[in-house]
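This report goes through a single protein chain, part by part. Have the sequence and the 3D view open while reading.

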Amino acid sequence: MREQPVGFLDSGLGGLSVVKEVRKLLPRENIEYFADNLRQPYGEKNQSELISYTLQIIRFLLKKRIKICVIACNTATAASLKKARVHFSIPIIGVIQPAVQDAIKKTKNKRIGVIATEFTTKNQAYLKEIKRIAPEIKVFSNFCPEFVSIVEAGKFTAPETYEVAREYLKPLREAQIDTLILGCTHYSFLKKVISDIMSPGVILIDPAVSTSLTLKEVLIQKGILKEESKGEENYYTTGSPKKVGKTAKIILNNDFFQIKKVRLCD
C-alpha cells in the first residue's frame, strides 16, 4: 500500500495549495488530483449535490488505487466528510479540523475570523468545530463569493482583487480578530492580498499547511508512508484542460504540466 497514491479532490484548482504543501513535506508520495471545474463553484450548491459529487469523485480516484483521500475543499469537507467516511473504507481527511486546531493554538485574544464560501459559512462548519473544542472563543465569519473565480483566473494580486478583498475583509478588521482562517483552499493563493489588507499582527491560518501535516501523521500511523523514490503525479479535470492547465502551470510552477479531461458517469 505504501506505493499507492494519495488522492485529492476539489471543485477546481484551490486544492493545489494542499498539493504544493504535500509535495514539500512528502515528496516521495504519488499523487492523483481531481478538479471538478465543470461543476464549480461548489459554494453555491446544496448539500445533497455536494455529497453526490464527492462520492462520485472518490469512486473515480479509487479506480486509480489511492490509499487515502484528501477532500482538499472546505465546502466539500463541510458537506460530505462524514458521509464519505461511512461510505468508503480508506482513510479520508478533510481540511476543516486541521485548520481549526491550528487557529485555536495561535489565537491570543480568543477572537477568530473565518472567510469561506457561502455554503461553508451558512453551514457553520468552522463555528461548530471551534465551539466544540473551545467554546469561549468568539468567531466572526464572512463569505467571499468572488475569490474562487479570481483564483481560477490567476488574478492573485491584481488591483481588482485588492478592491474585492477590502470589501470582504472590512467586517473582520472591525471585529479586531487576531487570527484568520482561510476557509477555502482557493484563498491560500490570495495570502499576500489578505495579509496586506488585514491589521498588522493578524495570523493567517492556511488549511493547506495544517492538512499536509495531518496527512503525514495519518500515513505514519497507518504504516503507509512512502519512503523510497520520487513521487509521480496525475491531474484530472471535468473542465477544459487548456484553460485549467494555464492557471495550474502558474500555481505549480511547472511548464510541463498536463491535465487530463475526464467525464464522470452518473
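At 1% relative accessibility, threonine 161 is buried, because the cut-off for that class is under 20%. The model is a predicted one. Threonine 161 is part of helix H8. Leaving aside neighbours within four places in sequence, threonine 161 is in contact with Ile150, Lys155, Phe156, Leu190 and Val193.

**Nonpolar cores**

In soluble globular proteins, nonpolar side chains tend to be buried together. The largest nonpolar core here has 54 residues, and the members that touch the most others are Phe8, Leu16, Ile115, Phe147, Leu180 and Leu215. Helix H8 (residues 159-174) gives this core its largest share, six residues. What does isoleucine 115 touch, not counting residues up to four places away in sequence? Its contacts are Asn142, Cys144, Phe147, Leu169, Leu172, Leu180, Ile181, Leu182, Gly183, Cys184, Tyr187 and Ile194. Another core, of 43 residues, lies apart from the largest one; among its members are Phe34, Ile58, Ala134 and Val262.

Helix H11 (residues 241-252) has a buried set made up of Val244, Gly245, Thr247, Ala248, Ile251 and Leu252. These buried residues pack against helix H1 (16-25), helix H7 (146-152) and S9. Asparagine 253 follows H11 and has a positive phi, near 55°.

**The largest pocket**

The largest pocket holds about 850 Å³ of space. It is lined by 32 residues, of which Leu81, Ile96, Gln97, Pro98 and Glu129 are the closest to its centre. By type, the lining divides into 13 nonpolar, ten polar and nine charged residues.

Which elements supply at least two residues each to this lining? They are helix H2 (47-62), helix H3 (74-87), strand S4 (92-93), helix H4 (96-106), H6 and helix H10 (207-222). H3 provides the largest share, eight residues.

Glutamate 129, one of the residues closest to the pocket centre, sits in helix H6 (residues 125-133). Its relative accessible area is 15%, so glutamate 129 counts as buried under the 20% cut-off. Not counting residues up to four places away in sequence, glutamate 129 touches Gln97 and Val100. Gln97 is itself listed among the residues closest to the centre of the pocket.

**Cysteines**

A disulfide is a covalent bond between the sulfur atoms of two cysteines. The structure holds zero disulfides. For cysteine 69, the nearest cysteine sulfur is that of cysteine 73, 11 Å away, so the pair is not within the 2.5 Å that a disulfide requires. For cysteine 73, the nearest cysteine sulfur is that of cysteine 184, at 6.4 Å, and cysteine 73 is in no disulfide either. Cysteine 69 is buried, with a relative accessible area of 0%. Cysteine 73 is likewise buried, at 4% relative accessibility.

**Leucine 225**

Leucine 225 lies in the loop between H10 and strand S9 (233-237). Is this loop residue buried or exposed? Leucine 225 is buried, with a relative accessible area of 16%. Residues that it touches, not counting those up to four places away in sequence, are Arg2, Leu26, Glu29, Lys67, Leu219 and Ile220. Valine 164 is 61 residues from leucine 225 along the chain, and the C-alpha atoms of the two are separated by 41 Å.

**Backbone details**

Most residues other than glycine have a negative phi, and most peptide bonds are trans. The table gives two loop residues with a positive phi.

| Residue | Phi | Loop | Relative accessibility |
|---|---|---|---|
| Arginine 65 | near 65° | between H2 and strand S3 (68-71) | 53%, exposed |
| Serine 229 | near 60° | between H10 and S9 | 44%, partly exposed |

Serine 229 shares the loop between H10 and S9 with leucine 225. Serine 229 is partly exposed, whereas leucine 225 is buried.

Where is the cis peptide bond with omega near 5°? It runs from glutamine 40 to proline 41. Proline 41 belongs to the loop between strand S2 (31-35) and H2.

Conventions: Residues numbered from 1 in each chain as written. Predicted model: local features only at pLDDT ≥ 70, side-chain atom pairs only at ≥ 80, totals over all residues. Heavy atoms only, no water. Helix = DSSP H or I, 4+ residues; strand = E, 2+ residues; numbered from the N terminus. Buried < 20%, exposed > 50% of the residue type's maximum accessible area, 1.4 Å probe, protein only. Contact = heavy atoms within 4.5 Å. 1 Å grid on protein atoms, 1.4 Å probe; cavity = no way out; pocket = protein on both sides within 12 Å on 5 of 7 lines; lining within 4 Å. Points joined across faces, edges and corners; volume = space filled by probe spheres on them. Nonpolar A, V, L, I, M, F, W, Y, C, P; charged D, E, K, R; others polar. Core = buried A, V, L, I, M, F, W, Y, C linked by side-chain atoms within 4.5 Å.
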